[in-house]
Each structure stands twice: as structure tokens, then as C-alpha cells.
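Me: I would like to see how each label used for this model is earned. Take me through them with the cut-offs.

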Amino acid sequence: MQQQQPTTIRRVGQGQYVIPSRTRANHDHRIDLIAGTCSCEASQHGKRCWAYGVAEAYSTTMGAYLKSYRQPAPTPAPVAIPMARPAGMAALQECFG
Ligand SMILES: [Zn+2]
């Protein structure tokens, strides 16, 4: 199985991310989600590059995470544990007791 290089994403500002190119060394995608742009050639030609999608997904995920983090988690309902003795056991104890 071929191991895929993990994508590193760096937040550099409000809605701005830097993702290194997967095909070219020392080449970054500089994404601005607010302006809806990326520094790469694909974006210069009006195409949405993969890195833009990654940054967008990352931002959405992080946004949802931060939102859920701020709100306290709902307290789980108490679980009732039945304390009744098994009827069969009592019957056995009566036989041998
Ligand atoms: Zn790009």
C-alpha cells in the first residue's frame, strides 16, 4: 500500500491558509477564503484548486468544532440500574439454604 503524504495546513490569518503544493517542492497554495482566491496557477485561471477545497473544509470543521467547544455538552441522562435480585437465584438459595 502506498503511503500518502499528509497534507499540512497552516492558518496565517482570518480565513487565510497556506498549504504546500503536492506536486512542486517549495511551492505553496496561499488561500484566502474571504476573498475566495488562491495564489496558485489554477486559481489564476478561475479554477478552484484542491488546496482551496481543503482549506474550506478545514475552516468549516474548525468552525463547527469551536462552536461546539464553546457550548457545554449536554449532561447525559442518568441511567437507572435495576437492583432487583434475580428471581432464580432466590429460588436456588431456598432449595439449598
Ligand atoms: Zn491553489
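**Strands, helix and core**

Reply: In E4, Cys38 is the bridge partner of Ile31. This is a predicted model: local features need pLDDT of at least 70, side-chain atom pairs count only at pLDDT 80 or more, and totals for chains, interfaces and linings use all residues. Residue numbers start from 1 along each chain, as its sequence is written.

Me: How confident is the predictor, as an average pLDDT of the protein chain?

Reply: pLDDT is the predictor's confidence in each residue, from 0 to 100. The protein chain averages 83, and 79% of the residues score at least 70. Confidence is highest in E3, at 96. It is lowest in helix H3 (residues 87-96), at a mean of 66.

Me: How many helices and strands are there in the protein chain?

Reply: Three helices and four strands. Both are DSSP runs, numbered from the N terminus: helices are H or I, at least four residues, and strands are E, at least two. From the N terminus on, the order is β-β-β-β-α-α-α.

Me: What makes E3 and E4 a pair?

Reply: Two strands pair if DSSP finds at least two bridges between them. E3 and E4 have two bridges, in the antiparallel sense. Two meets the cut-off, so they pair. E1 and E2 pair over three bridges, and E2 and E3 over five. Gln16 has Asp32 as its bridge partner in E3, and Tyr17 stands opposite Ile31 in E3.

Me: Why do E1 and E4 stand at the edges of the sheet?

Reply: The four strands form an open sheet, in the order E1-E2-E3-E4, with antiparallel pairing. Strand E1 (10-13) and E4 each have a single partner strand, so one side of each has no neighbour in the sheet.

Me: Which residues take a positive phi in the hairpins of E1 and E2 and of E3 and E4?

Reply: Gly15 does so in the hairpin of E1 and E2, near 70 degrees, with two residues between the strands. Gly36 does so in the hairpin of E3 and E4, near 75 degrees, with four residues between the strands. Asn26 also has a positive phi, about 55 degrees, although it is not a glycine. Most residues other than glycine have a negative phi. Asn26 lies in the loop between E2 and E3.

Me: Is Asn26 buried or exposed?

Reply: Count the other C-beta atoms, placed from the backbone, within 10 Å of a residue's own: 20 or more is buried, 12 or fewer is exposed, and in between is partly exposed. Asn26 has 6 such neighbours, so it is exposed.

Me: Why does Asp28 count as partly exposed?

Reply: Asp28 has 16 C-beta neighbours inside 10 Å. That falls between the two cut-offs, so Asp28 is partly exposed. Asp28 is found in strand E3. It lies on the uncovered face of E3 with Arg30 and Asp32, whereas His29 and Ile31 are on the covered face.

Me: Which residues does Asp28 touch, not counting those up to four places away in sequence?

Reply: Val18, Ile19, Pro20 and Ser21. Two residues are in contact if their C-beta atoms, placed from the backbone, lie within 7 Å. Cys49, by that test, is in contact with His29, Cys38, Cys40, Ala42 and Ser43, leaving aside its neighbours within four places in sequence.

Me: Which residues make up the largest nonpolar core?

Reply: A nonpolar core is a set of buried Ala, Val, Leu, Ile, Met, Phe, Trp, Tyr and Cys residues, joined through C-beta atoms within 7 Å. The largest one has nine residues: Tyr17, Ile19, Ile31, Cys38, Cys40, Cys49, Ala51, Tyr52 and Ala55. Strand E2 (16-20) and helix H2 (50-70) each give two or more residues to this core. H2 gives the most, with three.

Me: How do you know that the buried residues of H2 line one face of the helix?

Reply: The buried residues are Ala51, Tyr52 and Ala55. Seen down the axis of H2, they fall within an arc of 100 degrees, so they line one face. The arc is that of the directions from the helix axis to the C-beta atoms. On the other side, the exposed residues include Ala57, Thr61 and Lys67. E2, strand E3 (28-32), strand E4 (37-38) and helix H1 (41-44) are among what covers the buried residues.
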